[in-house]
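Below is a short note on the model, set out as numbered points. Please read the points against the coordinates.

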Amino acid sequence: MREAKKAKQAQQIYKASTEVFDVVVRCPETDNFFPTGVACDAGSFNSGSFENNRTQCPHCGKMHRWGDSEIALAN
Ligand SMILES: [Zn+2]
C-alpha cells in the first residue's frame, strides 16, 4: 500500500492551500510520477473521486488506469 500512503501524505501537505495543483499518478512499471492532465485544488482532491481514469504514461509508454489510491498532488 505504498501508493496509498504517498497520496495520503500529499493530502496532508496541501490540505490548507487553495492553490490549484496538478494531479500526478505513479507509474507501476518505473515507480515515477507523471502528470495526468487533471488539475484541482486540495479541497476537491480530498473530497473528490478519481476512479477509472486512464492516462498514457511518458515513462513506459503504456496506458495506465488510475484512481484515488494511486494519485498525489504536485505543483
Ligand atoms: Zn508507466
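1. Start at F45, which sits in helix α2, covering residues 42-47. The model is a predicted one. F45 counts as buried, at 4% relative accessibility. The C-alpha atom of F45 lies 9.8 Å from that of V20, although 25 residues separate F45 and V20 along the chain.

2. Which partner does F45 have in an aromatic pair? A search of the whole structure returns one aromatic pair. The pair consists of F45 and F50, with 6.0 Å from centre to centre and 35° between the planes. The pair is classed as tilted, because stacked rings would need planes under 30 degrees apart and edge-to-face rings over 60. F50 is buried too, with a relative accessible area of 12%, so both values fall under the 20% limit for buried residues.

3. On the overall layout, the protein chain contains two helices and five strands. Read from the N terminus, the order of elements is α-β-β-α-β-β-β. Of the 75 residues in the protein chain, 31% are buried.

4. The sheet deserves a separate look. Three strands make up an open sheet, ordered β2-β1-β5, with antiparallel pairing. The edges are taken by β2 (33-41) and β5 (71-74); each has a single partner strand, so one side of each lacks a neighbour in the sheet. From one strand to the next, the twist averages 35°.

5. The pairings can be checked bridge by bridge. Strand β1, residues 20-26, is joined to β5 by four bridges, and the two run antiparallel. Within that pairing, D22 has A74 of β5 as its bridge partner. On the β2 side, six bridges join β1 to β2, again antiparallel. There V25 is matched with F34 of β2.

6. What lies between β1 and β2 in the hairpin? The two strands are separated by six residues, and the turn includes D31, which has a positive phi of about 70°. A reader checking backbone geometry may look at D31 in the turn.

7. The metal site comes next. The zinc ion is coordinated by the SG atoms of C27, C57 and C60 and by NE2 of H64, at 2.0 to 2.4 Å. In sequence, the spacing of these donor residues is C-x29-C-x2-C-x3-H.

8. Why is the arrangement around the zinc ion called tetrahedral? The four donor atoms subtend angles of 100 to 118°, which makes the arrangement tetrahedral. The assignment requires all angles to lie between 85 and 135 degrees, so the range found here meets it. For four tetrahedral donors the ideal angle is 109.5 degrees.

9. Are the zinc ligands C57 and C60 buried or partly exposed? C57 is buried, with a relative accessible area of 3%. C60 counts as partly exposed, at 28% relative accessibility, because partly exposed residues fall between the 20% and 50% limits.

10. A last point concerns the cysteines. A disulfide is a covalent bond between the sulfur atoms of two cysteines. The search of the whole structure finds zero disulfides. C40 is buried, with a relative accessible area of 9%. C40 falls within the residue range of the edge strand β2 (33-41).

Methods. Residues numbered from 1 in each chain as written. Predicted model: local features only at pLDDT ≥ 70, side-chain atom pairs only at ≥ 80, totals over all residues. Heavy atoms only, no water. Donors = N, O, S within 2.8 Å, 3.2 Å for Na, K, Ca; no water. Tetrahedral: all angles 85-135°; square planar, octahedral: opposite > 155°, others 65-115°. Buried < 20%, exposed > 50% of the residue type's maximum accessible area, 1.4 Å probe, protein only. Disulfide = S-S within 2.5 Å. Phe/Tyr/Trp six-rings, centres within 6.5 Å; stacked < 30°, edge-to-face > 60°. Pairing = 2+ DSSP bridges. Axes fitted to C-alpha atoms, helices over the stretch in contact; angles between N-to-C directions.
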